[in-house]
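Here is a short tour of one protein model, written for someone who likes to look at surfaces, cores and contacts. Please keep the viewer open while you read.

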Amino acid sequence: MAGNIPTGNTFKATGAMNTKFAFIAMTTLFFIWGFITALNDILIPHLKAAFDLNYTEAMLVQFCFFGAYFIISPFAGKLIEKVGYQRGIIIGLLTIAAGCLLFYPAAEVEIYAIFLLGLFILASGVTILQVSANPYVAILGSETTAASRLNLAQAINSLGHTLGPAFGAALIFGGTATIIAATAVQLPYLILASVMIITAVIFSRIQLPVITDVETTDTTEAPNDSVFKHPPLLFGTLAIFLYVGAEVSIGSFLVNFFAESHIGGLSEHEASKMVSYYWGAAMIGRFIGAALMRIIRPSFLLAFNAMIVILLITLTVNSNGQTAMWAILSVGFFNSIMFPTIFTLAIKGLGPLTGRGSGLLCQAIVGGAVIPMLQGVAADVTSVQASFIVPAFAYVYIAWYALKGSKSTNINNAAEVKA
């Protein structure tokens, strides 16, 4: 899953710092938010057991986390304009640390609502971090290699997604206690808070290139044009909403699904380790997908992947044991290219409206707050296994978007043709 991608403006980097070192410094931030986001997949089943929650209540974790993207993103952009990118990074890191530290008192008093508040604060920091970091990666080098730098940074993000669940499995579910307690999250989140503070100190000491807005690529907008007159963008916004929601929702239910007796019968510790395969497959698929897109039209590859995912989820819902386990884990591999492909198809041809379109697409990440809640309701009414039908419907829409919705014509152009 990508963050905010800067488009529409030309940026210039100035400063004495070596660009390769600066790039390495910035990609550590991609790793951090990937690591923290995937850790939610371990936190959800733990808090569910510790507070005896139903699935809908447990999915409030993702609701608060991804809800922050929708609420904080506009404010984060204004913050960066006021304080600059480097200070924005430091503020983001310290905000993440504050959210992590709130987990300690939340576990002491055993109040679920305080955990949710901590998650919202933590996610607000992640949002600020994303708004700050992406422009740097785009401008640290030649404009012709900007896309490859962003892809590499996203691969590092996927590495964080892969290692996060393993960290959570070891420290949250790795103990020998038979009673699951909320206090098990104190140590891992104290460690995360410490790492965030140390990283913030490091970023306060180094001198990153200064980003200045040189010029806008196109300042002339067509008369009466707006983002709401571009169907591929509007349909694409819904596709991003559904995709992020489906990807996050599936990951959120894996531990509980693998623990069911007719599926894997795994302990929560064992099941937590398996979550890394889901995100690791996405990381591998990203590299393979990038190569395939050189010879296969992106929209066709997106449609193919979406249809394969639908088949895999159908197999998951209608099978047991290892077949069901590996079918749902394989979804991660085919998820890999979806976000950047949908994003690219949605903003194609927007011209001077590209920046606004990008902002609309990024706010659609709030799907990660909504779809898990819907699957939680379905799981409470039916079963965890049957509830996977909810994200399956999201992939049906994505397949339609790839084949049809992304090819819709601009409303203004359509009107001109009719005239």
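## Overall picture

The secondary structure of this protein comes to 18 helices and two strands. Please bear in mind that the model is predicted. Of its 419 residues, 55% count as buried. The protein exposes about 17400 Å², and carbon and sulfur atoms supply 66% of that area. As for contacts between residues at least 6 apart in sequence, 85% of them join residues at least 24 apart.

## A nonpolar patch on the surface

A good place to begin on the outside is a nonpolar surface patch of about 720 Å². Its makers are I284, I288, L292, I295, I296, F300, M307 and L403. Two elements, helix 10 (268-292) and helix 11 (298-317), each give two or more residues to the patch. Helix 10 provides the largest share, three residues. Another member, L403, is found in helix 17, which covers residues 389-403. L403 counts as partly exposed because its relative accessibility is 45%, which lies between the 20% and 50% limits.

## Inside: helix 4 and T316

Now for the interior. Helix 4 spans residues 85-101, 17 residues in total, and reaches 24 Å from its first C-alpha to its last. That is close to the 24 Å expected at 1.5 Å a residue. Because 12 of the 17 residues are buried, helix 4 is largely enclosed by the rest of the structure. The buried ones are Y85, Q86, G88, I89, I90, G92, L93, T95, I96, A97, G99 and C100.

Helix 11, met above as a contributor to the patch, also holds T316. Is T316 buried or exposed? T316 is buried, since its relative accessible area is 0%. Which residues does T316 touch, leaving aside its neighbours within four places in sequence? They are F257, A324, A327, I328, Q385 and F388.

## Cysteines and a side-by-side view

A disulfide is a covalent bond between the sulfur atoms of two cysteines. With sulfur atoms required to lie within 2.5 Å, the count here comes to zero disulfides. Two cysteines, C64 at 16% relative accessibility and C100 at 1%, count as buried because both values are under 20%. C100 is also among the buried residues of helix 4.

The table sets the residues discussed above next to each other.

| Residue | Relative accessibility | Class |
|---|---|---|
| L403 | 45% | partly exposed |
| C64 | 16% | buried |
| C100 | 1% | buried |
| T316 | 0% | buried |

Definitions and conventions. Residues are numbered from 1 along each chain as its sequence is written. This is a predicted model: local features need pLDDT of at least 70, side-chain atom pairs count only at pLDDT 80 or more; totals for chains, interfaces and linings use all residues. Side-chain values use heavy atoms; hydrogens and water are left out. Patches are made of residues with over 30% relative accessible area and no salt bridge: like charges are joined within 9 Å, nonpolar side chains (Val, Leu, Ile, Met, Phe, Trp, Tyr) within 5 Å. Accessible areas come from the Shrake-Rupley method with a 1.4 Å probe; for residues, only the protein chains shown count as cover. A salt bridge is a side-chain nitrogen of Lys or Arg within 4 Å of a carboxyl oxygen of Asp or Glu. Helices (H or I, at least four residues) and strands (E, at least two) are DSSP runs, numbered from the N terminus. Buried means under 20% relative accessible area, exposed over 50%, partly exposed in between (1.4 Å probe, protein chains only). The expected span of a helix is 1.5 Å times one less than its number of residues. Contact means heavy atoms within 4.5 Å.
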